[in-house]
Every structure is written in structure tokens, then in C-alpha cells.
Amino acid sequence: MSTPSPHGRSRIAALAVALAAASALTLTACDDDSGGSSTSSDTPTAPDTASFSGNAASALASAKASVRAEASKRAASASAAASSFEASVSAEVERANKAARTELAEVEGQGNAMSDVTMTGKPRSETGGLLAVVVTITNKTDKTASYAVQVDFLDSSGKAVETRYVGAEDLEPGQKAQPVAVSRKPAEPVLTPKLAKAQRY
């Protein structure tokens, strides 16, 4: 085997230096200043779908079901509030109301005590959504008296679609009573309460 000439050795050394420089350049290109992140990491990759807990359709269905459940809960709560309000009113005045109805059955016209009675609407927020009016009865005479009152609930045409009776017994002169007349009709269509009869006896 022959020994390379000095000129050949110079070419081999230059080639080795060039290869070393190329290797160093390649390593530098693969590393950034932060210490080891490859430039290829800048390319976006697809998400790992294995970590997904559901899809958009099922999430939307779940949200709708939640809204329906909440609406149903509120409706049930309102119904319970209405029933509770009506029960408390009925418990307090049922006997007087029956007496009022009986008394008014014999009365023709509006009765003798229309000037002793006024009505005020009660907020639906306090009645569970029911239409209710406070009937204020004042004994304006100088003797103890009982009262019977009829409240009609009228539709938009002025027709009475419901009638309620309230009363107050043995009011002293100047004394007031405030029974509540409650409509059992749905909230729609809207009804208008009207004082139809008031009798002192």
C-alpha cells in the first residue's frame, strides 16, 4: 500500500474539517436557544381525541335537559305556592264565605252596603300567580254588623266567568275586615275583578 503524497494528505485533512463543520451545523439547526426543542415542534399536531369526554351534540342535549328540568321545577314551585296561598285564605274565611253566599242569595240588586266596601289587587308575586283581591269591609254604622260581599271576575267582553263570595261577621262600629277573593281561573286570559254585591245584615 502506497503512502499518500503531501498534497493528498492536505485534501484528506480539508475534507475531514468540512465534514466536522457540517456535523456541527446540523446539530445547531436541530437545537434552539431554549435547550433542546426541535424546530419540528412548531408544526401543529392533531389533538388526542382519547381525552375527549363527549361530543357537541351530547353536550347540547344535556344543556337542554337541564333547562327543561329547571323550568319544570319552577312551575311546580309556583303551583305549590299558589295552592299554599289559597289554602291559607280558605282556612281563614271559608265559614264566613259560605254565610255570605247564603245571605246574598236573598238580595236583589247590589245590596245595602256597597259604600262600605272597597277592593285592592294583590300582587301575583305574593299569591303564587293567582288573581286575588283584598276586599276591605268597614262597618260605617253605629251598631255591630255582619257583611256579605260578591266579587265577579269578568273577561274582556265584560261577562262574569267566575264569582267568589267573602264576608265578615260581627264587626264593631268602625271596625274593618279584609278577606281575600281568589280566582281559580288560569292566568290567561286576564280577568278583571268587579264588586257586584255588598250586603250588611
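**View A. Surroundings of Ile137 in the predicted model.** Leaving aside residues up to four places away in sequence, Ile137 touches Asp116, Val117, Tyr147, Val149, Gly167, Ala168, Leu171, Gln175, Lys176, Ala177 and Pro179, where contact means heavy atoms within 4.5 Å. The model is predicted, so that local features need pLDDT of at least 70 and side-chain atom pairs count only at pLDDT 80 or more, while totals for chains, interfaces and linings use all residues. Residues are numbered from 1 along each chain as its sequence is written, and side-chain values use heavy atoms, with hydrogens and water left out.

**View B. The nonpolar cores.** The largest nonpolar core (buried Ala, Val, Leu, Ile, Met, Phe, Trp, Tyr and Cys residues joined through side-chain atoms within 4.5 Å; buried means under 20% relative accessible area with a 1.4 Å probe, protein chains only) has 19 residues, and Val117, Val135, Ile137, Val149 and Val151 have the most contacts inside it. Two or more residues each come from strand E2 (132-138), E3, E4 and E7, strands being DSSP runs of E of at least two residues, numbered from the N terminus. The most, five residues, are given by E3. A second, separate core of five residues includes Leu130, Ala132, Val180 and Val182.

**View C. The open sheet E4-E3-E7.** Three strands form this sheet in the order E4-E3-E7 with antiparallel pairing, two strands being paired if DSSP finds at least two bridges between them. Strand E4 (160-171) and strand E7 (192-200) stand at the edges, each with a single partner strand, so one side of each lacks a neighbour in the sheet.

**View D. Pairing of E3 with E4.** Strand E3 (residues 145-154) pairs with E4 in the antiparallel sense over nine bridges, and Gln150 has Tyr165 in E4 as its bridge partner.

Note on methods: Helix = DSSP H or I, 4+ residues; strand = E, 2+ residues; numbered from the N terminus. Buried < 20%, exposed > 50% of the residue type's maximum accessible area, 1.4 Å probe, protein only.
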